[in-house]
Amino acid sequence: ENEAPRQCWVTVIMYSDVEAAYWPFLDTVTKLENPPDLLVNLENSYETFSTPRQYEDSSTWVTSCFFTPTKYCQQRIELSVDRQPRITNVELVGRDLESLPNELKDKQWRQHVLQLH
């Protein structure tokens with residue numbers, strides 16, 4: 001017998017705000033009763049979080065993926081198979097936008113690229 005596929009939610013925050021607000025925000029959200037599972041900083045690149053890792057003694061994983069208009073960044077998230085799934089590993093996968101297959105480059109994408117150049 002095949003089991004029905006299991007589904008779960010993972011809370012990911014994509015942080016994009018001024019640098020001065022980052023550390024207080026990080027400290028506050030990681031101490032919540034239900035903290036986020038992953039926090040990705042898009043604005044500032046911190047050497048401390050260049051490789052995804054758990055933040056201090058919290059269950060929240062933290063990383064930086066500095067946003068640029070020439071690349072996109074995916075987060076590959078591995079979850080435990082426990083009754084209460086949790087993140088066991090996060091990997092950043094960066095790709096150059098120019099290398100995207102043409103069938104993914106719609107009219108809106110081309111318009112944005114033209115505006116950037």
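Colleague: Which residues does T11 touch, not counting residues up to four places away in sequence?

Modeller: With those neighbours set aside, T11 touches P36, D37 and L38, where contact means heavy atoms within 4.5 Å. This is a predicted model, in which local features need pLDDT of at least 70, side-chain atom pairs count only at pLDDT 80 or more, and totals for chains, interfaces and linings use all residues. Residues are numbered from 1 along each chain as its sequence is written, and side-chain values rest on heavy atoms, with hydrogens and water left out.

Colleague: How far apart are the C-alpha atoms of T11 and L38?

Modeller: They are separated by 6.5 Å, although T11 and L38 stand 27 residues apart along the chain. T11 itself belongs to the segment before β1; strands (E, at least two residues) and helices (H or I, at least four) are DSSP runs, numbered from the N terminus.

Colleague: Why is T11 called partly exposed?

Modeller: Buried means under 20% relative accessible area, exposed means over 50%, and partly exposed is in between, with a 1.4 Å probe and protein chains only. T11 has a relative accessible area of 42%, so it is partly exposed.

Colleague: What is the order of the strands in the open sheet?

Modeller: The four strands follow the order β1-β2-β4-β3, with mixed pairing. Two strands pair if DSSP finds at least two bridges between them.

Colleague: How do you know that β2 and β4 pair, and how do they run?

Modeller: Four bridges join β2 (residues 38-41) to β4 (residues 61-64), so the requirement for pairing is met. These two strands run parallel, and L39 has V62 as its bridge partner in β4. Helix α1 (residues 19-29) packs on the sheet, where it touches β1, β2 and β4. The direction of α1 makes about 175° with that of β2; axes are lines fitted to C-alpha atoms, for helices over the stretch in contact, and angles run from 0 to 180 degrees between N-to-C directions.

Colleague: What joins β3 to β4?

Modeller: Two bridges join them, and the strands run antiparallel; two bridges satisfy the definition, so β3 and β4 count as a pair. R53 stands opposite V62 in β4. The two strands form a hairpin with six residues between them, and E56 in the turn has a positive phi of about 45°.

Colleague: What makes β1 and β3 edge strands?

Modeller: Each has a single partner strand, so one side of each is left without a neighbour in the sheet.

Colleague: Which way do the residues of β4 point?

Modeller: W61 and T63 point one way, V62 and S64 point the other way, and all are buried. In a regular strand, side chains alternate between the two faces of the sheet.

Colleague: Why is S64 called buried?

Modeller: S64, in strand β4, has 6% relative accessibility, which is under the limit for buried, and therefore S64 counts as buried. Outside the residues up to four places away in sequence, S64 touches N41, N44, S45, Y46, F49 and L92.

Colleague: What makes E91 and R76 a salt bridge?

Modeller: The term requires a side-chain nitrogen of Lys or Arg within 4 Å of a carboxyl oxygen of Asp or Glu. The closest N and O atoms of E91 and R76 are 3.4 Å apart, so the pair qualifies. E91 in β6 (residues 87-96) and R76 in β5 are 15 residues apart, and the pair links distant parts of the chain. The structure holds one salt bridge.

Colleague: How are E91 and R76 classed by accessibility, buried or exposed or in between?

Modeller: E91 has a relative accessible area of 36% and is partly exposed. R76, at 44%, is also partly exposed.

Colleague: Which residues form the nonpolar patch on the surface?

Modeller: V12, M14, I77 and L79 form this patch, with about 270 Å² of accessible area together, by the Shrake-Rupley method with a 1.4 Å probe, where for residues only the protein chains shown count as cover. β1 (12-15) and β5 (71-79) are the elements that give two or more residues to the patch.

Colleague: Why can M14 belong to a patch?

Modeller: Patches take residues with over 30% relative accessible area and no salt bridge, joining like charges within 9 Å and nonpolar side chains (Val, Leu, Ile, Met, Phe, Trp, Tyr) within 5 Å. M14, in strand β1, is partly exposed at 38% relative accessibility, so M14 passes the area limit.
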